[in-house]
Amino acid sequence: MAAELHAGQVFLIGASISVASGAVIDTRGQSKAGLNSSLGYIFQGSSFLAVANGWLNFLPATGTGNMTIASGASLLTEGSIVLGAPGSLNMGDVNFGARYLTVTQDTINASDAAALAAAQAAGVLPTGWTLSQTSLDRLLRPSSTAGVPALERLTLTVGGSINLFGSVTLDARSQSASGVEFVLNTPAIYGLGTSADTATIVADRLVWNGIRTGYFDNSGSGTPHYGVQPPAAIRPNGAGTGAGNLVLQAQDITFGYDKDSRPTDGVTLDRIAVGFANVALTAAGRITGYSDGTLSIGQSKDSSGKLIGGNLTLTAPLLTAEAGATIDYTAGGAVRVTTPAGVTPTDTSVVADQGGTLSFKSDSVFVDTAFALPSGKLTLTATNDIVLGANARVDLAGRTIAFYDVNKYGWGGDLVMQSANGSITQTAGSLIDVSATYNQAGSIAAVADGGQIALNGTLRGSAVDEAQSGTIGPRAASLGDFAALNAMLNQTGFFASRAFVLKQGDLTVGDGVRAHTVSISVDNGSLTVNGTIDASGAKPGSIRLAARDDLTLASTAVLDTHSTVLQTDSYGAPIEANNTAHVDLTSSQGWVYLNAGATIDMRSADGIARGKLEINAPRLGTGSSATGPDAPANATGDDIAISAAGPLNIRGAASIVVNGFATYTNAPADPDDANGQIIDQAWLDLINQDSIAFYDGALANADLQNRLAGLKAYASAYHLRPGVTIASATLNGNLTTKGDLDFSNYRYGPGADTLNHTGLGEVGVINFRAGGTLTVKGSINDGFTPPPVSPDALTTLFSGTLGADYTVTTAGVTLGAGWMIGGTFDDSAPAFTLPVALPLPQVGGLSTSPGMRLRTIRSRSTSRLGRISRSRGISRCSAATFEPPTGMCCIPPEPRSRAARSFPRAACLAQVFMT
């Protein structure tokens, strides 16, 4: 007579497990007590058979254990059955009865016997469980025992990879009336087949998740650390090197956890499918993401891990992501996201989950179905073309959320489209919706530097009840019909911000550009405005126009940024910044032309002039530069490429600034970075010499002054200033500021007094532009005194015990051998106690006494040191300025140095602290 086991939980653990024919393990009607995964626990084992009334979630089994379950055996439960046998798993016609059935392995190989035999003969069949349709049917078959729950979920948990050889079909659909959720917990599906081979997996509901790993640290706090299981290595000429096709088909396809598992915040679970020329995901209902994860498709993978080739097609009437989930799809080939033939895209308004994010990255992207990501984000990135077909419905609009009797409103989401070499096309009939109700609308960003952007479908960017409406930023070699584009944007509610960048050719702007913030840049041509750009409204607006070549405001041009409602604080007083309109006009290599009669309106609601007009144009003329070779030819020129001689209509301007720019790329090489340059005070002082020469020459240039007459007519509002751009010498070069930078003495014009008063005169303008990384080490200050010492400006000269005398400054303060020196100064750090009295030579005969504590020595640079010491009860200083209230003894720096200008209020540069 066969054995029977009855208990709430039964675990069989061993290197070899055998369940004989007629044997019964039955947990029905028993206790549900005990640990299970509904409490958040995840189990792991090497070789085991688990039957339990609760739900058990196991990680992949590892090792060489084997299991045999003979025909006629019965495993019956109200909860889970888990089979873990990574060495070998043999099943006969077993009577399985459970809600949740799991097979956990390290590797699964699937195909027909002939294909597996061929792989075995070629030496490319890895050790693992062989999955066939026969074994799958045995797992899915309804139990022959009455009173057993129907199977709800079949899970295959595979730590390395699922390997599909040749053409194979795995049908995991339910064999009873109720559907079964088929879960694949694996980081990889690999294929080995020809272009004529197709591997197909069919399910009622398909879930593909990666595998989370984790451990607890040994700190005693039991903090969990989570990670991601990497996929198995691809064998040469094995699974993962094929060229066949993979089809995943279900009513719904989900990338993420099953409905009972608990997602782990901060862990992105990865999945890859390699060895397939084409991967097709087909869902009759939806394809969705649940939790954070990635899906990467490639026909092959190179030595660096980059996926090569492999097309991805997603066919479903709806794509979405659960609230807060992020799923990134990547393919080495093309991505197509389409609606099933003859099916209408799903009504996206029924989707309420907010904040989901989807992204697609491939050679090209074609979208022709519905996306529902309320208050979420969709990113489409392609090397070549991005096309939204006529069936595309991109719904990122905010939703109304009912909290009992109170309604709250979501904001509009964001659409980002980026094509490196191709064009971006929105086909007529398609829809992009980033609108919102009682909240701010979203944004559309489109970049096609090598092609055209054509928005021919419907856009929605409106907001309700004075909330911020939509923003849009197209950047392309061609923007098509610019007037028609802005007319469409006016009809569809994009009034918060419009930022246009034209990469090729010239642009003429007439009427119709209307937004609170307007930016138009022509990167390789000229820009002409002959109509009205309207950035006016209740609050002041902003208009920024830039061109590589000429920037022209025709006599009919109107730049309107005026405001109609005074912005006040809680006391009713106007807020200066919130009532200030801005207009910036820039030409980097051409001229700025302000023709007579052009209008710039920056009025504020109370009539007080607050507007700021900034005009940037290159310097003209040539001359030598103090910075030496490779300096800009126009560094000390005496002219500016601007023409504004006629009368202009400038209203509400508090400041009208003309900046004459020169661009420097000859910063000193960085000794610590072969691809870098450094910006320090000494080099900026040389640039300042150039700026002085330019400024003095410009003031004396009668022709320039005549060409500025239309701006100079505004008297005290007008300012002429030097502009400097410091750029990296190479496209990917790095820039690093070294030490504290003080701009307070870089002042120009008749009002400047650099010897006696810093901060007087006209200021300059400086830009830093690094093609690579810009690193700021130290403070950057444009006030009236140097900034406080920053940690980046300190140099630790030494620490520990001195082995020999050390002279701290060029004036000769010496610390004797045997002194104990602490680290970088910190008032809260313990000091070193001196055991004996030690002299402080050459500082007025001061000396320490037993028990005094030496704190630190620090400096800004070893080449520019002053001296300072502090003690209690000592008031003798030789050749120094003593300040009794602070107990400081200071020997000033050199009289002509920068530090001397603000001494003694500024701290000395080297310090010895005692308490």
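## Parallel strand pairs

Two strands count as paired if DSSP finds at least two bridges between them. Strand β48 and strand β51, which covers residues 542-547, fulfil this condition with 6 bridges, and their pairing is parallel. The model described here is a predicted one. Within this pair of strands, Ser519 has Arg544 of β51 as its bridge partner.

Strand β48 spans residues 517-522 and also pairs with strand β45, residues 497-502. This pairing is again in the parallel sense and runs over 6 bridges. Here Arg498 stands opposite Val518, a residue of β48. In general, the strands of a sheet are held in pairs by backbone hydrogen bonds, in either a parallel or an antiparallel arrangement.

## The protein as a whole

The protein contains 6 helices and 78 strands. Of its 915 residues, 50% are buried. The area exposed by the protein comes to about 38100 Å², and carbon and sulfur atoms contribute 51% of this area.

Contacts can also be described by the distance along the sequence between the residues involved. Among contacts with a separation of 6 or more, 68% are made by residues that lie 24 or more positions apart.

## An open sheet of 5 strands

An open sheet is built from 5 strands in the order β46-β49-β52-β55-β59, with parallel pairing. Its edges are formed by β46 (507-509) and β59 (642-643), each of which pairs on one side only.

At one of these edges, β46 pairs with strand β49, residues 527-529, through 3 bridges in the parallel sense. One residue pair in this arrangement is Val509 with its bridge partner Val529 in β49. As a general rule, side chains along a regular strand point alternately to the two faces of the sheet.

## Salt bridges

The whole structure holds 23 salt bridges. One of them joins the side chains of Asp93 and Arg141, with an N to O distance of 3.9 Å. This pair connects distant parts of the chain, 48 residues apart: Asp93 is in the loop between β9 (88-91) and β10 (95-97), while Arg141 is in the loop between α2 (133-140) and β13 (153-165). Asp93 is partly exposed at 41% relative accessibility, and Arg141 is partly exposed at 35%.

A further salt bridge is formed by the side chains of Arg153 and Glu181, at 2.9 Å from N to O. Because Arg153 belongs to strand β13 and Glu181 to strand β15 (residues 181-185), this salt bridge ties together parts that are 28 residues apart in sequence. Arg153 and Glu181 are both buried. In the salt bridge between Arg460 and Asp433, the closest N and O atoms are 3.6 Å apart. Arg460 is in strand β43 (residues 458-460) and Asp433 in strand β41 (residues 431-433), so parts of the chain 27 residues apart in sequence are tied together. Arg460 is partly exposed, with 41% relative accessibility, whereas Asp433 is buried at 7% relative accessible area. Shared partners also link salt bridges into one network, which joins Arg153, Glu181, Asp258 and Asp260.

## A buried aspartate without a salt bridge

Asp560 is located in strand β53, residues 558-560. Although Asp560 is buried, it has no salt bridge. The nearest side chain of opposite charge is that of Arg603, at 5.5 Å. This distance does not meet the criterion, because a salt bridge requires a side-chain nitrogen of Lys or Arg within 4 Å of a carboxyl oxygen of Asp or Glu.

Leaving aside residues up to four places away in sequence, Asp560 touches Ile533, Asp534, Ala535, Ser536, Ile543 and Asp601.

## Helix α4 and a surface patch

Asp696 is part of helix α4, residues 681-700. With a relative accessible area of 47%, Asp696 is partly exposed. Asp696 and Thr636 are separated by 60 residues in sequence, and their C-alpha atoms are 9.5 Å apart.

On the surface, Leu35, Leu39 and Tyr41 make up a nonpolar patch. Together these residues have about 300 Å² of accessible area. Leu39 lies in the loop between β4 (24-26) and β5 (48-52).

Key. Residues numbered from 1 in each chain as written. Predicted model: local features only at pLDDT ≥ 70, side-chain atom pairs only at ≥ 80, totals over all residues. Heavy atoms only, no water. Patch = residues over 30% accessible without salt bridge, like charges linked within 9 Å, V, L, I, M, F, W, Y side chains within 5 Å. Areas by Shrake-Rupley, 256 points an atom, 1.4 Å probe, with all protein chains shown as cover. Helix = DSSP H or I, 4+ residues; strand = E, 2+ residues; numbered from the N terminus. Buried < 20%, exposed > 50% of the residue type's maximum accessible area, 1.4 Å probe, protein only. Contact = heavy atoms within 4.5 Å. Lys, Arg positive; Asp, Glu negative; His and termini not counted.
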